[in-house]
Amino acid sequence: MNASSKVIPYGKHSIDEDDIASVVDVLYNRYLTQGNLVPEFEKRLTSYTGCKYATSVNSGTSGLHIACLAASLGDDDTLWTVPNSFVASANCARYCGANVDFVDIDPITRNISIEKLTEKLTEAERTGNIPKILLVVHFTGASCDMRSIRALTKPYGIILIEDAAHALGGEYLGNKIGCCEYSDMTVLSFHPVKSITTAEGGAVLTNSNAFQERLQLFAKHGITRDNGKMSEPSHGPWYYQQIELGYNYRLSDLHAALGLSQMRKLDKFIQQRTDLAFRYSQQLSSLPLKLQNIGDFSQSAWHLYMIELEEHDRGMVY
């Protein structure tokens with residue numbers, strides 16, 4: 001056994017023969033990009049989560065970026081998020097030239113603290129520094145308390161975005177994470193260590209037609225073939241106009257084919273993760289550890305299983 005075989009990987013994707021066959025079929029028989037598999041994949045995401053619209057993109061980071069663009073985040077604006085996340089949760093604001101500030105987390109749930117959010121909103125109202133966007137992160141795949149967060153942010157007109165990169169397949173109050181019942185947009189990631197993989201990829205979910213139109217524009221070069229949105233009459237079915245400064249964030253049909261195949265196994269993947277988490281909790285219960293409390297309102301997708309060592313006599317926490 002060599003040294004590398006002894007390393008426990010951070011995560012490992014699950015690919016079977018059906019996944020491989022779906023990708024090979026695209027290589028042999030279909031368009032590699034801009035075919036019919038991307039719309040099919042987006043439709044599958046909406047039917048699974050219960051939201052109205054999905055825009056697939058080439059990464060979760062791209063999804064966060066276009067969500068901020070769709071919300072018209074700009075130079076004079078501020079986005080709040082949490083400090084215990086991947087850099088993309090904050091970088092998406094900086095891509096738009098906006099400021100970033102952080103709301104602390106609850107030490108038990110490891111998600112955004114409702115108490116700290118309440119305090120920060122009160123202070124922001126006093127000083128006139130209400131953020132344009134609050135981007136909450138469903139850490140490890142367990143949902144934040146979205147109903148409470150929406151109740152706090154709605155009076156201020158704050159746009160609420162869920163970073164659900166960890167959380168596809170999880171539930172909140174009996175509904176699938178991504179249904180956007182209490183948020184304006186939800187961003188997913190399909191990186192190989194996530195609930196499903198498209199190799200690389202992501203998506204933004206929303207129930208808002210206005211946000212969906214902008215998401216589609218920013219993901220696809222800012223161009224449209226819609227006559228009603230053009231500044232001059234169309235010259236024919238081939239004609240399009242650029243009406244926004246967009247990006248080439250499109251997902252390919254190769255990636256979508258893998259995603260469609262993986263979606264058929266998503267619930268099985270989540271059940272396997274849930275079974276492992278239950279086993280870990282049983283086996284670790286007698287050890288001096290602090291385990292994450294995900295709350296009665298949430299069924300986690302268990303992207304991660306986090307532990308924290310209890311304080312030692314010297315007052316150190318590891």
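Which residues does isoleucine 130 touch, not counting residues up to four places away in sequence? The legends below, drawn from a predicted model, begin with this residue.

**View 1. Surroundings of isoleucine 130 in the loop between helix H5 (114-127) and E4.** Leaving out residues up to four places away in sequence, isoleucine 130 touches Leu121, Ala124, Glu125, Tyr156 and Ile158. With a relative accessible area of 30%, isoleucine 130 is partly exposed. Its C-alpha atom is separated by 9.2 Å from that of lysine 120, and the two residues are ten residues apart along the chain.

**View 2. The open sheet of seven strands.** The strands follow the order E1-E9-E8-E5-E4-E2-E3, and the pairing is mixed. Strand E1 (53-57) and strand E3 (99-102) stand at the edges; each has a single partner strand, so one side of each is left without a neighbour in the sheet. On average, neighbouring strands of this sheet are turned by 20° against each other, direction ignored.

**View 3. The parallel pair of strand E2 (residues 78-81) and strand E4 (residues 133-137).** Two bridges join these strands in the parallel sense. Within this pair, leucine 79 stands opposite isoleucine 133 in E4.

**View 4. Helices H3 and H7 against the strands.** Helix H3 (residues 60-70) lies across E1, E2, E4, strand E5 (159-163), strand E8 (185-189) and strand E9 (202-206). H3 runs at about 165° to E8. Helix H7 (residues 209-219) lies across E1, E5, E8 and E9, and runs at about 15° to E1.

**View 5. Helix H2 (residues 37-49) and the glycine just after H2.** At 1.5 Å a residue, the 13 residues of H2 should span 18 Å, which agrees with the 18 Å between its end C-alpha atoms. The buried residues of this helix are Leu37, Val38, Phe41, Glu42, Leu45, Thr46, Tyr48 and Thr49. Just after H2, glycine 50 takes a positive phi of about 90°.

**View 6. The largest nonpolar core, with 44 residues.** Ile112, Ile133, Leu134, Ile149 and Met185 touch the most other members of this core. Helix H3 contributes the largest share, six residues. A second, separate core of 27 residues includes Ala167, Ile177, Ala203 and Leu266.

**View 7. Contacts of isoleucine 112.** Neighbours within four places in sequence are left aside here. Isoleucine 112 is in contact with Val82, Val103, Asp104, Ile105, Asp106, Leu117, Leu134, Val136, Cys144 and Ile149. Among these contacts, Leu134 and Ile149 are listed with Ile112 as residues that touch the most other members of the largest nonpolar core.

Methods: Residues are numbered from 1 along each chain as its sequence is written. This is a predicted model: local features need pLDDT of at least 70, side-chain atom pairs count only at pLDDT 80 or more; totals for chains, interfaces and linings use all residues. Side-chain values use heavy atoms; hydrogens and water are left out. Two strands pair if DSSP finds at least two bridges between them. Helices (H or I, at least four residues) and strands (E, at least two) are DSSP runs, numbered from the N terminus. Axes are lines fitted to C-alpha atoms, for helices over the stretch in contact, and angles run from 0 to 180 degrees between N-to-C directions. Contact means heavy atoms within 4.5 Å. The expected span of a helix is 1.5 Å times one less than its number of residues. Buried means under 20% relative accessible area, exposed over 50%, partly exposed in between (1.4 Å probe, protein chains only). A nonpolar core is a set of buried Ala, Val, Leu, Ile, Met, Phe, Trp, Tyr and Cys residues joined through side-chain atoms within 4.5 Å.
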